[in-house]
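Hi everyone, thanks for coming. I'd like to walk you through a structure that's new to most of you, so please have a look at it first.

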Amino acid sequence: GYKSGELDSVCASRVLFDLYDYTEDDRYLKAIKYTYNELCKMPKTVNGINYSHKEAYLNQIWLDGMYMYVPFLARYAKITNDLKIFDEIKSQYEYIRNYMYDKQKKLYYHGHDTLKDIFWADDTTGNSESFWLRSMGWYVVSLVDVLEYYPKGDNFEYLVGLLDEALMGILSYQDLESK
């Protein structure tokens with residue numbers, strides 16, 4: 001079931017769009033709106049752009065969290081034709097690129113604490129020490145899913161660039177012999 005205060009719960013709600021399209025049953029549309037409203041109640045980080053991963057992890061951005069809610073948000077923006085939501089999505093990815101991407105290693109850190117006060121956060125950057133391939137995978141898939149609904153234009157091209165950059169970064173660590 002849906003659990004308030006967690007981005008992970010939003011992910012499972014993505015199926016509601018397909019159910020609504022297939023059945024045209026207004027109960028699914030009502031559930032979509034409910035999920036959107038619950039997401040809007042989630043606390044954002046101190047920067048006011050990204051959502052905290054969970055209410056229990058305030059001011060923490062986890063890279064895999066982008067998969068948990070942003071594709072839902074993009075699809076909601078498309079069916080409601082709310083262009084402000086698309087701008088918000090671009091800003092959220094932009095923040096992650098600016099603060100969680102390591103330009104030398106060409107990878108994204110798994111976690112980021114905007115207050116830089118959780119035990120695992122670097123005092124200077126707020127980033128976790130680790131790169132987690134699984135979260136990189138979730139991040140990449142979030143971009144792929146979002147681009148399916150995102151309107152063409154400069155922001156679309158920006159997101160395509162992030163996808164290309166993330167994939168190239170991951171591939172640079174691929175073992176050439178075993179793949």
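I'll start with the overall fold, then go through salt bridges, a surface patch, one asparagine and the cysteines.

A quick word on what this is: it's a predicted model, where local features need pLDDT of at least 70, side-chain atom pairs count only at pLDDT 80 or more, and totals for chains, interfaces and linings use all residues. Residues are numbered from 1 along each chain as its sequence is written, and side-chain values use heavy atoms, with hydrogens and water left out.

Okay, the fold. The protein has seven helices and four strands. Those are DSSP runs numbered from the N terminus, with helices (H or I) of at least four residues and strands (E) of at least two. Going along from the N terminus, you meet them in the order α-α-α-β-α-α-β-β-β-α-α. The radius of gyration is 17 Å, close to the 16 Å that the globule rule gives for 179 residues, so the protein is as compact as a globular protein of that length. That radius is taken over C-alpha atoms, and the rule is 2.2 Å times the number of residues to the power 0.38. If you prefer a box, the C-alpha trace spans about 50 × 40 × 30 Å along its principal axes.

How much of the protein is buried? Of the 179 residues, 46% count as buried. Here buried means under 20% relative accessible area, exposed means over 50%, and partly exposed is in between, with a 1.4 Å probe and protein chains only. On the outside, the protein exposes about 9,900 Å², and carbon and sulfur atoms supply 52% of that. The areas come from the Shrake-Rupley method with a 1.4 Å probe, and for residues only the protein chains shown count as cover. As for contacts, meaning heavy atoms within 4.5 Å, take those between residues at least 6 apart in sequence: 58% of them join residues at least 24 apart.

On to the salt bridges. We call it one when a side-chain nitrogen of Lys or Arg is within 4 Å of a carboxyl oxygen of Asp or Glu. Searching the whole structure gives nine.

One of them joins Lys41 and Glu38, at 3.0 Å from N to O. These two are three residues apart in helix H3 (residues 26–41), so about one helical turn separates them. Lys41 is exposed at 59% relative accessible area, whereas Glu38 is buried at 11%.

Another one pairs Glu88 with Lys44, also at 3.0 Å, N to O. This pair links distant parts of the chain: Glu88 is in helix H5 (residues 83–100) and Lys44 is in the loop between H3 and strand S1 (60–62), 44 residues apart. Glu88 is partly exposed at 21%, and Lys44 is partly exposed at 31%.

Then there's Arg97 with Glu165, where the closest N and O atoms are 2.7 Å apart. Here helix H5 supplies Arg97 and helix H7 supplies Glu165, with their positions 68 residues apart. Arg97 counts as buried, at 16%, and Glu165 as partly exposed, at 24%. We also have a network of salt bridges linking Asp18, Asp21 and Arg75.

Staying with H7 for a moment: Leu167 sits in that helix, residues 154–171. Together with Met168 and Leu171, Leu167 makes a nonpolar surface patch of about 270 Å². Patches are built from residues with over 30% relative accessible area and no salt bridge, joining like charges within 9 Å and nonpolar side chains (Val, Leu, Ile, Met, Phe, Trp, Tyr) within 5 Å. Leu167 is partly exposed, at 34%.

Now for a residue on the inside. Asn127 is in the loop between strand S4 (111–113) and helix H6 (133–149), and it's buried at 4% relative accessibility. Leaving out residues up to four places away in sequence, Asn127 touches several others, including Tyr99, His112 and Trp120.

Last topic, the cysteines. How many disulfides does a search of the whole structure find? Zero, with a disulfide being a pair of cysteine sulfur atoms within 2.5 Å. Why is Cys11 not bonded to Cys40? The Cys40 sulfur is the closest cysteine sulfur to that of Cys11, but at 17 Å it's too far for a bond. Cys11 is buried at 18%, while Cys40 is partly exposed at 41%.

That's my tour, thanks for listening.
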